[in-house]
Amino acid sequence: MAYTPFLVERWMSAHEQRARFNLGESGVQPLRLGELLALAEAAGRTGARRELDELVLTYDETPGTLELRRRVAALYGIEPEEVLITQGAIEANYLLFRALVEPGDAVVSMFPAYQQLYSAAAMAGAEVRLWRLRPEDGFVPDLRALERLLDRRVRLIVINTPHNPTGTVLDEAALRTILAWAEDIDALVLCDEAYHGIVHGGGTVPPAARTLSPRAVSVSTLSKTMGLAGLRIGWLAATRPIVERCWGYRDYVTISVSRLSDALACLALDLRPQLLERARAIVARNLAQIEVWMERHAGDFEWVAPRGGIVCFPRLRRTADSEAFCRGLMEQEGVLLVPGSAFEMPDRVRIGMGEDPGVVASGLERVSRYLAGKG
Ligand SMILES: Cc1ncc(COP(=O)(O)O)c(C=O)c1O
């Protein structure tokens, strides 16, 4: 089957390197390698740099080293054999669609969404049913609307929480309801948890889906909250048979992740509490300044407060052409946002809340100037 262009990835690839103020990115400010090593040393891992010098750059166990799978498995209270280390969450999702969906199956996916979560299902031959998050509900997921989409043809229910791009969050009760419905129809739940751990305003962080049921596959990554997208390390936490199937397909594509990234990922997971704290602090400062800025610009934007994650998705009041808006903003002010057209909702923009708060403040000032110029 022909591929469907992945709009948000192409937008970012075209503009990201030229942006002076990158408010398009969905992860927190990336760490330098030296910063990661310095953090490790400060946390008592004094031999971290020397261990890297000694690292043999060969193949290793292809599902990911046991050291890394152990660390990931511990996050879910499962066995290392129930984890597959992947090239980012994106490879995990892709392998899951490849391994779990047969042509003719139905897949239910949230919409709007990170496009992979419905397009890759369609590319695997599935009939995709969209569970729409409606702006008029403030993007709060309507469980009854999901229930109406479910029947025994549904093989996979695909959810993403905290959600890209709306910032909505499924709480534990909602996750349990979805898992119970999946049980009723013998489906699986793919829960993309790339932004797990970030809930705004002191709200409770819901448990990862795989901790609630073996029907759930949790997918996550070091790219977003850990600020380590360049390592290209993600994973899926599932059951052994699902891991086996995904691993079987992966043998044909990338064999394994990079040995160097695997070693650095072990260090990063040992530092997870500190890195998560760093992410929460950056995002909280940015959200606070974006909220104040949105009040100032109530005539330009309809603000939908995100409940979690690292992005928000306000509506443009003065134009429905977000792509022209974002191109102009990039050309005139060097500020990168993501047009809602990349999420098939062209009257919105996605604003990232992970950049350095000083850069976000300057970027927002430039957006104000751009808006003033448009009268
Ligand atoms: C919901 C979601 N899943 C997966 C990914 C891919 O992330 P990774 O860098 O881990 O491949 C992204 C990236 O934006 C995302 O937003």
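How many helices and strands does the secondary structure of the protein come to? Show the whole thing as a cartoon and you get 13 helices and 14 strands, where helices (H or I, at least four residues) and strands (E, at least two) are DSSP runs numbered from the N terminus. Before you click further, note that this is a predicted model, in which local features need pLDDT of at least 70, side-chain atom pairs count only at pLDDT 80 or more, and totals for chains, interfaces and linings use all residues. Residue numbers start from 1 along each chain as its sequence is written.

**Zoomed out**

Stay with the full view for a moment. The C-alpha trace spans about 60 × 55 × 40 Å along its principal axes. The radius of gyration is 20 Å, close to the 21 Å from the globule rule for 375 residues, so the protein is as compact as a globular protein of that length. (That radius is taken over C-alpha atoms, and the rule is 2.2 Å times the number of residues to the power 0.38.)

**Stop one: α5 and α6**

Now select residues 88-100, helix α5, and 116-123, helix α6: their axes come within 9 Å and cross at roughly 35°. Axes here are lines fitted to C-alpha atoms, for helices over the stretch in contact, with angles running from 0 to 180 degrees between N-to-C directions. The crossing is right-handed, that is, the near helix is turned clockwise from the far one by less than a right angle. Put sticks on Ile90, Asn93, Tyr94 and Phe97 in α5, which meet Gln116, Leu117, Ala120 and Ala121 in α6; contact requires C-beta atoms, placed from the backbone, within 7 Å. This set divides into 6 nonpolar, 2 polar and no charged residues. For the classes, Ala, Val, Leu, Ile, Met, Phe, Trp, Tyr, Cys and Pro count as nonpolar, Asp, Glu, Lys and Arg as charged, and the others, Gly among them, as polar.

**Stop two: the ligand**

Keep α5 on screen, since you'll want it here: with 3 residues, α5 gives the most to the shell around the ligand. Select the 13 surrounding residues, the closest being Gly88, Ala89, Ile90, Thr221 and Ser223; the cut-off is a C-beta atom, placed from the backbone, within 6 Å of the molecule. Colour by class and you'll see 5 nonpolar, 7 polar and 1 charged.

**Stop three: α4 and α10**

Finish with residues 66-76 (α4) and 259-270 (α10), which pack at an angle of about 35° with axes 9 Å apart. The α4 and α10 crossing is left-handed. Glu67, Leu68 and Arg71 of α4 make the contact with Asp262, Ala265, Cys266 and Leu269 of α10, giving 4 nonpolar, no polar and 3 charged residues.

Terms used. Two residues are in contact if their C-beta atoms, placed from the backbone, lie within 7 Å.
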